[in-house]
Amino acid sequence: MSRNWNALLSRRSPNLHGWVKMDVNQIFETPGVIYFGDGAPAREQWPVERLRQAHADAWEEAYDILSYGESLGHEPLRMTIAERMAARGSVVDPKLILVTNGSQQGLDLISRALFDPGDVVVVEGPTYFGALQAFDAYEVSYRVAPMDEHGMIPESLEPLLFDDPRPKAIYTVPTFQNPTGVTLPAERRTRILDMARSANVAIIEDDPYGEIYFTPEPVPPLRALDPEVIYLGTFSKTLAPALRMGWMAVPPELFQLVAHSKEAIDIMSDRFVQRAVVSASADGWLDAQLEGARSFYRQQRDFLLNALHREMPEGVTWTVPDGGFFNWVTLPETATAEDLLPVALRHKVGFLPGSCFYPEPEPQRSFRLSYPTMAKETIDEGSSRLGSAIRELLG
């Protein structure tokens with residue numbers, strides 16, 4: 001007799017879902033489609049030989065590091081992270097940095113520490129779908145803070161913080177946001193931090209793209225203005241995603257909680273990869289690598305923007321990101337991205353519609369385009385196909 005597994009499932013099991021809450025198989029099952037949805041760094045920017053040598057160097061220490069140890073993270077790596085954060089204006093004690101398996105694990109760890117079923121989390125509208133995937137497992141509810149071309153709107157956010165029940169946290173990607181590419185200006189940052197402190201609401205700052213800037217100087221993170229901000233960082237965009245090497249910088253009151261949760265989940269992050277990241281980043285090499293990467297990604301962004309100017313029909317608008325990997329396109333009021341997607345797939349071009357980036361996947365006028373990984377000829381052809389699809393949709 002087979003077990004009744006439905007009777008054994010946890011209450012939270014219905015909240016465990018894939019990376020987006022809608023069916024996107026139609027995109028990947030369309031032959032010959034040009035897909036604008038990839039959020040990874042370009043292959044040209046993978047430092048393969050540098051990482052190969054750094055891993056080989058780490059294996060020279062194999063007998064010292066093949067056992068358990070360093071549950072908080074390799075101390076030289078934590079010091080390297082602290083130095084990189086300080087260079088962008090955020091001073092943090094390396095002892096308050098926890099190395100994680102990507103910043104995605106950090107989202108889970110802070111959820112464990114903060115959220116009970118029914119707690120309220122404020123998210124940007126739109127927001128990063130991986131955060132929703134992590135938070136949903138803890139049975140939270142959401143309030144969506146509206147955005148404009150400058151990010152979260154403080155006047156719209158304020159009532160969301162002081163309504164009952166009070167939210168536990170604001171989750172934000174304030175710098176080169178995923179999915180819109182926009183950046184929160186300094187004046188708004190100060191106002192939002194002040195409001196959150198007054199309402200006793202935690203701020204979770206996700207900052208995967210902060211070092212991929214096209215401006216003359218980097219944008220200081222929120223944590224540079226408030227050391228109580230819970231900060232998540234990663235090497236996924238600056239070295240390679242498969243390294244799964246991220247970190248958290250958290251207030252001292254939370255550090256042991258997240259450290260104990262990390263230990264319960266996986267005991268420790270990969271000790272070889274941690275040493276390889278330290279070695280690969282050393283002697284200013286990562287700074288030089290990123291200087292070239294920023295130039296490459298800026299050219300990719302400019303090529304996409306030029307293609308959009310050339311191919312999009314009247315009434316279509318888009319953001320102009322100052323860094324990161326993404327551009328946000330908005331259709332006229334008569335159309336939605338969900339209406340556009342099947343038309344676009346007939347034209348052999350695909351994207352992630354705006355509904356992927358909200359807690360409730362309702363039709364949206366906007367959709368996300370990504371530019372890092374595509375050849376310029378592919379961006380050109382994909383934009384042409386997209387423009388034709390939009391014209392067909394709009395009649």
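In this predicted model, helix H6 passes helix H7 in a right-handed crossing. Their axes come within 9 Å and cross at roughly 35°. Two further helix pairs are covered below, H8 with H9 and H12 with H14. The whole structure holds one cavity of 30 Å³ or more, and the largest pocket contains about 450 Å³ of space. Two cis peptide bonds and a positive phi complete the briefing: Asp164 to Pro165, Asn178 to Pro179, and Glu139.

**Helix packing**

Two packed helices are described by the angle between their axes and the distance between the axes.

H6 with H7
- H6 spans residues 102-114, and H7 spans 129-136.
- From H6, the residues in the contact are Gln104, Leu107, Asp108 and Ser111.
- They meet Gly130, Ala131, Ala134 and Phe135 of H7.
- By class, this contact has four nonpolar, three polar and one charged residues.

H8 with H9
- H8 covers residues 154-162 and H9 covers 186-198.
- Their axes come within 10 Å, with a crossing angle of roughly 10°.
- Angles under 35 degrees count as roughly parallel, and H8 and H9 are therefore roughly parallel to each other.
- H8 brings Pro154, Glu155, Leu157, Glu158, Leu161 and Phe162 to the contact.
- H9 answers with Arg188, Arg191, Ile192, Met195, Ala196 and Ser198.
- The contact residues divide into seven nonpolar, one polar and four charged.

H12 with H14
- H12 (residues 285-311) packs on H14 (residues 376-394) at an angle of about 30°.
- The two axes lie 9 Å apart.
- That angle makes H12 roughly parallel to H14.
- The crossing of H12 and H14 is right-handed.
- On the H12 side, the contact uses Gln299, Gln300, Phe303, Leu304, Ala307, Arg310 and Glu311.
- On the H14 side, it uses Lys376, Ile379, Asp380, Ser383, Ser384, Gly387 and Arg391.
- Four of the contact residues are nonpolar, five are polar and five are charged.

**Cavity and pocket**

Rolling a probe the size of a water molecule over the atoms shows where empty space is left.

Largest cavity
- Its volume is about 110 Å³.
- The lining has 13 residues.
- Arg88, Asp207, Glu211, Tyr231 and Trp247 lie nearest the cavity centre.
- Helix H5 (75-87) and strand E8 (230-234) are the elements that give two or more residues to this lining.
- E8 gives the most, with three residues.
- The lining of the largest cavity divides into five nonpolar, four polar and four charged residues.

Largest pocket
- About 450 Å³ of space lies in this pocket.
- It is lined by 22 residues.
- Closest to the pocket centre are Gly39, Tyr128, Asn178, Tyr209 and Lys237.
- H6 gives the most to the lining of the largest pocket, with three residues.
- By class, the pocket lining has nine nonpolar, eight polar and five charged residues.
- H6 therefore has two roles here by element: it packs against H7 within a 9 Å axis distance, and it lines the largest pocket.

**Backbone exceptions**

Most residues other than glycine have a negative phi, and most peptide bonds are trans.

- Asp164 and Pro165 are joined by a cis peptide bond, with omega about -5°.
- Pro165 sits in the loop between H8 and strand E6 (169-172).
- A cis peptide bond also joins Asn178 and Pro179, with omega about 20°.
- Pro179 belongs to the loop between E6 and H9.
- Asn178, one partner in that cis bond, is also among the residues closest to the centre of the largest pocket.
- Glu139 has a positive phi of about 60°, although it is not a glycine.
- Glu139 is placed in the loop between H7 and strand E4 (141-148).

Notes
Residues numbered from 1 in each chain as written. Predicted model: local features only at pLDDT ≥ 70, side-chain atom pairs only at ≥ 80, totals over all residues. Heavy atoms only, no water. Axes fitted to C-alpha atoms, helices over the stretch in contact; angles between N-to-C directions. Helix = DSSP H or I, 4+ residues; strand = E, 2+ residues; numbered from the N terminus. Parallel < 35°, antiparallel > 145°, perpendicular 65-115°, else oblique. Contact = heavy atoms within 4.5 Å. Nonpolar A, V, L, I, M, F, W, Y, C, P; charged D, E, K, R; others polar. Left-handed = near helix turned anticlockwise from the far one by under 90°. 1 Å grid on protein atoms, 1.4 Å probe; cavity = no way out; pocket = protein on both sides within 12 Å on 5 of 7 lines; lining within 4 Å. Points joined across faces, edges and corners; volume = space filled by probe spheres on them.
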